[in-house]
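Here are some notes to read beside the model, written as numbered points. Please keep the structure open while you go through them.

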Amino acid sequence: MKVAIIGQGYVGLTISAFAADYFDVSGFDSDQKIVEQLNSGISHIEGVESSTIIKLIKKGSYRATSKGSDIRECEIVVIAVPTPLTSDRKPDLSFIESACKTIGQNISKPVLIINESTSFPGTLRNFIKPTIEKNSSNSVTHSYAISPERVDPGRSDFNQKNTPRLYSGLTPEASEKTRNFYSRFCDELVEVSSPEVAEAAKLFENTFRQVNIALVNEFAQIAHSLGISVYETLDAANTKPYGFMKFTPSAGVGGHCIPVDPTYLAAVAEEHGAPATFIRRANEVNLEMSEYIVRRVSEDNDGSLQGKNVLVVGVAYKPNVADVRETAAELVINHLRNQGAVVSWHDEVVGSWKGESSAPLQGADITVVVTKHDSVDEKKILASAPYIFDTTGRVKGAKGL
Ligand SMILES: NC(=O)c1ccc[n+]([C@@H]2O[C@H](COP(=O)([O-])OP(=O)(O)OC[C@H]3O[C@@H](n4cnc5c(N)ncnc54)[C@H](O)[C@@H]3O)[C@@H](O)[C@H]2O)c1
């Protein structure tokens with residue numbers, strides 16, 4: 001069976017690598033450079049080894065492409081394109097729209113279309129289906145389903161195989177075909193009663209994280225003002241065997257999901273006249289953490305950062321990945337620069353970012369740790385400046401939240 005996967009990023013390439021063990025996969029991406037890299041056997045995604053891509057290409061079960069005509073013969077099309085926010089922080093479905101155009105313009109026989117991109121309830125029914133139909137030259141009737149992606153890039157204990165997968169088709173036939181597809185490479189499939197439930201569940205999962213991270217970030221500020229350790233307090237609370245789940249404070253949330261998905265939920269809620277004040281506030285608390293951290297650093301350094309050399313350690317949004325999307329490090333750096341600090345950053349996993357390169361881990365007046373990759377030596381961090389502020393709780397001996 002031929003399968004097309006639209007979007008070869010974190011989600012699309014990961015799913016392609018699993019699916020290509022069982023199906024003939026065309027990995028479609030609009031970025032020609034990514035396509036060329038993949039076809040020469042180079043993976044750009046953590047968790048998908050280049051050796052896997054080379055093996056699949058050799059076997060003949062995977063090929064990347066940016067030619068619409070290459071997906072013409074597919075029987076299943078999976079959409080895995082970005083769903084970011086617009087500059088005024090509203091859901092941006094433009095990538096989904098362009099993926100739908102590619103499908104509509106190139107596929108003229110009935111196929112199963114599965115959306116894995118995260119979006120608000122109603123996207124499959126009220127946006128994807130009509131957009132594909134509008135762009136199709138004939139009146140072909142496709143099957144439609146949703147199966148929101150839950151992959152956590154860089155994580156090795158949970159993957160496509162052992163993470164339960166939600167799904168629902170617009171019709172029972174679409175649900176059955178979707179189950180047959182994923183059951184080849186996923187152990188547990190959970191069917192829900194409508195695509196809207198699956199879409200909402202995905203948003204709620206990430207909103208749960210956003211809200212709990214905001215709560216612990218607010219609590220970190222309360223604990224500091226009370227003169228107690230937030231980490232010791234959290235560890236103490238975590239001895240309760242039920243009704244508590246431990247989250248840890250940070251400089252804020254990052255990545256393509258946690259800072260974005262709750263806003264999709266809030267937007268659809270407000271459109272339907274339901275309040276989303278809690279979700280909106282959680283987002284604000286997390287965004288405000290960077291300012292709080294810079295204030296604390298400034299207070300500890302005679303109340304001024306003017307002209308001081310500040311080294312930010314870790315600009316990826318989380319440890320052990322090179323992903324800098326929506327990283328809290330950017331806000332921390334902006335606030336430091338607004339205070340007159342001379343800022344450089346160290347992150348050899350990211351290497352280069354925004355036209356700047358990773359600086360050596362040494363010689364600063366102040367070091368602020370935003371993300372600690374496992375490969376970064378704690379002792380070197382501690383030796384990099386006379387004052388270290390650690391937002392991760394992972395550098396013992398440093399000042400911190
Ligand atoms: N990254 C995660 O951890 C994660 C986890 C679960 C769900 N998701 C969701 O999955 C979706 C994809 O996220 P991602 O992290 O894989 O994004 P990504 O940016 O890593 O990859 C998206 C890819 O799609 C390509 N693309 C964009 N528009 C296209 C088009 N019209 N046609 C073909 N290719 C196109 C881009 O070039 C890029 O390579 C999003 O909705 C996201 O919210 C992401």
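1. A residue is called buried when its relative accessible area is under 20%, exposed when that area is over 50%, and partly exposed in between. Please bear in mind throughout that this is a predicted model. Ile 213, which belongs to helix 7 (residues 195-226), has a relative accessible area of 10%, and because this value is under the 20% limit, Ile 213 counts as buried.

2. Which residues does Ile 213 touch, once its neighbours within four places in sequence are left aside? The contacts of Ile 213 are then with Phe 247, Ser 250, Val 253, Ile 258 and Asn 286. His 346 is separated from Ile 213 by 133 residues in sequence, and the C-alpha atoms of the two lie 25 Å apart in space.

3. Turning to the sheets, one open sheet is formed by eight strands, which follow the order 3-2-1-4-5-6-7-8 with mixed pairing. At its edges are strand 3 (62-65) and strand 8 (189-191), each of which pairs on one side only, and from one strand to the next the twist averages 25°.

4. Within this eight-strand sheet, strand 1 and strand 2 are joined by five bridges and pair in the parallel sense, and one of the residue pairs to look for is Ile 5 with Gly 27, its bridge partner in strand 2. Strand 2 (residues 24-28) is also mostly covered, since four of its five residues are buried. A second parallel pairing links strand 5 (residues 112-115) with strand 6 (residues 143-146) over four bridges, where Leu 112 has Ser 143 as its bridge partner in strand 6.

5. Helix 6 (residues 172-182) lies across several of these strands, namely strand 1 (2-6), strand 4 (76-79), strand 5, strand 6, strand 7 (165-169) and strand 8. When you compare directions, helix 6 runs at about 150° to strand 7.

6. Another open sheet has five strands in the order 10-9-13-14-15, and here the pairing is parallel. Strand 10 (342-346) and strand 15 (399-400) are the edge strands, each pairing on one side only. Inside the sheet, strand 13 (residues 366-369) and strand 14 (residues 387-390) run parallel and are joined by four bridges, with Ile 388 in strand 14 as the bridge partner of Thr 367.

7. Helix 10 (residues 277-300) packs on this five-strand sheet, where it touches strand 13, strand 14 and strand 15, and the direction of helix 10 makes about 155° with that of strand 14. Helix 11, for its part, lies across strand 9, strand 10 and strand 13, and runs at about 155° to strand 10.

8. Two residues deserve a second look for their backbone angles. Most residues other than glycine have a negative phi. Glu 326, however, has a positive phi near 55°; this residue sits in the loop between strand 9 (309-313) and helix 11 (328-338). Lys 354 also has a positive phi, of about 50°, although it is not a glycine, and Lys 354 is placed in the loop between strand 11 (352-353) and strand 12 (356-357).

9. Are these two residues buried or exposed? Glu 326 has a relative accessibility of 42% and therefore counts as partly exposed, whereas Lys 354, at 55%, is exposed because its value is over 50%.

10. The second largest pocket has a volume of about 350 Å³ and is lined by 20 residues, of which Thr 14, Phe 18, Gly 47, Val 48 and Asn 159 lie nearest its centre. Helix 1 (residues 10-19) gives the most to this lining, with four residues. By class, the lining of the second largest pocket divides into eight nonpolar, seven polar and five charged residues.

11. As for cavities, the count comes to one of 30 Å³ or more, and the largest cavity has a volume of about 80 Å³. Its lining includes Pro 148, Arg 150, Phe 158, Asn 159 and Arg 165, and the lining as a whole is made up of four nonpolar, three polar and four charged residues. Asn 159 is worth finding in the model, since this residue lines the largest cavity and is also among those nearest the centre of the second largest pocket.

How values were computed
Residues numbered from 1 in each chain as written. Predicted model: local features only at pLDDT ≥ 70, side-chain atom pairs only at ≥ 80, totals over all residues. Heavy atoms only, no water. 1 Å grid on protein atoms, 1.4 Å probe; cavity = no way out; pocket = protein on both sides within 12 Å on 5 of 7 lines; lining within 4 Å. Points joined across faces, edges and corners; volume = space filled by probe spheres on them. Nonpolar A, V, L, I, M, F, W, Y, C, P; charged D, E, K, R; others polar. Pairing = 2+ DSSP bridges. Helix = DSSP H or I, 4+ residues; strand = E, 2+ residues; numbered from the N terminus. Axes fitted to C-alpha atoms, helices over the stretch in contact; angles between N-to-C directions. Contact = heavy atoms within 4.5 Å. Buried < 20%, exposed > 50% of the residue type's maximum accessible area, 1.4 Å probe, protein only.
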